[in-house]
Amino acid sequence: MSASGVLSFTQQGWEQVLAKVKRAVVYLDSACAESLHWGCGSTRLLEAVGGPDCHLREFEPDAVGGGAKQPKAVFVLSCLLKGRTVEILRDIICRSHFQYCVVVTAVSHAVHLTANHVPAAAAAEMEGQQPVFEQLEEKLCEWMGNMNYTAEVFHVPLLLASVAPHFALTPAFASLFPLLPQDVHLLNSTRPDKRKLGSLGDVDATALTPELLLQIRCLVSGLSSLCEHLGVREECFAVGSLSRVIAADLANYAPAKNRKKTAAGRASVVFMDRTLDLTGAVGHHGDNLVEKIISALPQLPGHTNDVMVNMIELTALQTEEENCNVVAPGCLAQSNDTTAKALWEALLNTKHKEAVMEVRRHLVEAASRENLPIKMSMGRVTPGQLMSYIQLFKNNLKALMNHCGLLQLGLATAQTLKHPQTAKWDNFLAFERLLLQSIGESTMSVVLNQLLPMIKPVTQRTNEDYSPEELLILLIYIYSVTGELTVDKDLGEAEEKVKKALAQVFCEESELSPLLQKITDWDSSINLTFHKSKIAVDKLFTSLRDIAGARSLMKQFKSVYVPGNHTHQVSRPHPSDYPVLILFVVGGVTVSEVKMVKDLVASLKPGTQVIVLSTRLLKPFNIPELLFATDRLHPDLGF
């Protein structure tokens, strides 16, 4: 198996879609658009569509329909073809003039049967048949207004956004996050007394909500398709309660039985709950340029894993803020630019200092190839120096087009280096190191009392002080790194002081950020009373306590041996037994962690091929959003 297995898996899937899109109006949902963005780029899709007009549209209720001269439509969707999704399909088609409709879903027909409550035994008898897709094809013809028109519905596993040859994300599952102890209480609220769950350790598939179980099955279907593409029979492992459910579902996935019998290769698939270690996600010890870029620059609209790069410096427009929306933003994904792609992969795998030097080197070499009047400079790389190189391309259209991808990465680097958030990164790092020292020498109550003076209302804060959102990140770091707490009077009092200070800060904010609105369940600080704010902060600290206890069940993973007598010791399979290791982090992963895994496996088990998968690429501010979400047990599946 080649190291680029995840990329070829994605590209092979998109080739099946591209074969259908000629002269079509193409509707994509955001998760499929993100898979395309990283896998082969919108340019490849536009080339396949052909024609002078751009016919790409977002799949949404208000999407523009097809005109009289647009007889063909292709819908590329990441979700189940059910409920609200089918209603949107119907509405778009009914207000159009289509005569030929193709619907591509990233969810297999087997999962559609599960979603329609078809028993497993009956589903097994339908192997080779696709009644759900066939019924929808009839509906498409009905909505087009003529049963003789053409309709096709089929499955393509567009699961991944391939960030690098060894690293991919699952945009459709960006909100999937491990369960916390408080979720056990919610699950218990609908269970009879005799079947109450004692802890997260008791959670299995039968305990989960139907929506979450179906979301897991959709993910498992895609992962099974990946294993088929890689030609491997997988052995599943899990660390964490939700990961255990996902691993069990993949191991027992009925449609994969025949594939597993004939697969030539072997692979271990290790699922891991993000909540077991949130310090890596919210901490600032990752010495990686890409992590700083995705933390500093604004998110690309509709995406969970890419950012907007301001391209105005390469135009004749003034750099005032109001002009920024006039020019389309750049981004990090450069799937069709070989040189930019090579630089991007170098940035993922090198430390910050080497990465910025690599950006400078690429810019210098590109300028030299275009015979631009470059002035060489050595020493420390500065944002001004990078901008001076980038602006050499400004009035040279040919050079701009030849190196557009490289210039986007160069601008992303320069904008990040001079961003205030980057300066604050070092402040976070210093405070985190101080916290680690304090936690090693002091009790949790002492650490919280050290944090207390840093909790300041907006009227007293300077740029050097921490915002409420940044304080939440520090609290998550503290509770995750500390682990299981010994609750005593001192801790209770220290927590209460921090709670009151935070509640007051929330009330005094001039404007509540989206995160604070979610936490307080209030859209404005004007009407947010201290009492309501304190209730929200109490709930927040329940989550923090849950984080601290996340590893309390880890004692069962101390041994890889089944206890036996002296003459017969039975060994369990181990992830290192197989030549391919697929690590799936449920809840997101950072660039530094991906590099660490890759380097660690290379040093401990040379020759093992490593693929890191995760639900999303993380920056520190993502964790509070995911942690304090209220819909973990009831994900929106589009119906």
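Contact is taken here to mean heavy atoms within 4.5 Å, and it is in this sense that the buried residues of helix α16 pack against α15 (352–369) and α18 (404–417) in the predicted model described below. Helix α16 spans residues 383–390, and its buried residues are Gln385, Leu386, Met387, Tyr389 and Ile390.

Two open sheets are considered next. In one of them, five strands are arranged in the order β2-β1-β3-β4-β5, with parallel pairing. Its edges are formed by β2 and by β5 (150–155), each of which pairs on one side only, and neighbouring strands of this sheet are turned against each other by 15° on average, direction ignored. Strand β1, comprising residues 25–28, pairs with β2 in the parallel sense over three bridges, and within this pairing Tyr27 stands opposite Arg57 of β2. Helix α4 (residues 84–94) packs on the sheet, where it touches β1, β3 and β4 (100–105), and the direction of the helix makes about 165° with that of β3.

The other sheet is also open and consists of six strands in the order β6-β7-β13-β12-β9-β8, but here the pairing is mixed. The edge positions are taken by β6 (161–164) and β8 (232–239), each pairing on one side only, while neighbouring strands are turned by 20° against each other on average when direction is ignored. Strand β7 (residues 167–169) is joined to strand β13 (residues 609–614) by three bridges in the parallel sense, and Leu169 has Ser614 in β13 as its bridge partner. Two helices pack on this sheet in the region of these strands: helix α1 (residues 5–18) touches β6, β7 and β13, its direction making about 145° with that of β6, and helix α25 (residues 591–604) touches β7, β12 (580–586) and β13, its direction making about 160° with that of β13. At the β8 edge, the strand pairs with β9 (residues 265–273) in the parallel sense over eight bridges, with Glu234 standing opposite Ala267 in β9. Although β8 is an edge strand, β8 is mostly covered, six of its eight residues being buried.

Aromatic contacts were examined next, and the structure holds seven aromatic pairs. One of these, formed by Phe59 and Phe75, is edge-to-face, with 6.1 Å from centre to centre and 85° between the planes. This pair links distant parts of the chain, since Phe59 lies in the loop between β2 (56–58) and β3 (72–77) and Phe75 in strand β3, 16 residues apart. Phe59 and Phe75 are each buried, and together with Tyr27 they form one aromatic cluster; Tyr27 is the residue that stands opposite Arg57 in β2. A further pair, that of Phe431 and Tyr466, is tilted, with 6.1 Å from centre to centre and 45° between the planes. Here too distant parts of the chain are linked, with Phe431 in helix α19 (residues 420–441) and Tyr466 in the loop between α20 (444–451) and α21 (468–482), 35 residues apart. Both rings belong to buried residues, Phe431 and Tyr466.

Helix α19, which carries Phe431, also packs with α21, at an angle of about 35° and with the two axes 11 Å apart. The crossing of α19 past α21 is right-handed. On the α19 side the contact involves Gln421, Lys424, Phe428, Phe431, Glu432, Leu435, Leu436 and Ile439, which meet Glu470, Ile473, Leu474, Tyr477, Ile478, Val481 and Thr482 in α21. By residue class, this contact of α19 with α21 is made up of ten nonpolar, two polar and three charged residues.

A final site concerns Ile547, which is found in helix α24 (residues 530–548). Because its relative accessibility is 1%, Ile547 counts as buried, the limit for this class being under 20%. When residues up to four places away in sequence are not counted, Ile547 touches Leu278, Ile476, Tyr479, Ser480 and Leu627. Ile547 and Gly483 are 64 residues apart in sequence, while their C-alpha atoms are 7.6 Å apart in space.

Methods. Residues numbered from 1 in each chain as written. Predicted model: local features only at pLDDT ≥ 70, side-chain atom pairs only at ≥ 80, totals over all residues. Heavy atoms only, no water. Pairing = 2+ DSSP bridges. Helix = DSSP H or I, 4+ residues; strand = E, 2+ residues; numbered from the N terminus. Axes fitted to C-alpha atoms, helices over the stretch in contact; angles between N-to-C directions. Phe/Tyr/Trp six-rings, centres within 6.5 Å; stacked < 30°, edge-to-face > 60°. Buried < 20%, exposed > 50% of the residue type's maximum accessible area, 1.4 Å probe, protein only. Left-handed = near helix turned anticlockwise from the far one by under 90°. Nonpolar A, V, L, I, M, F, W, Y, C, P; charged D, E, K, R; others polar.
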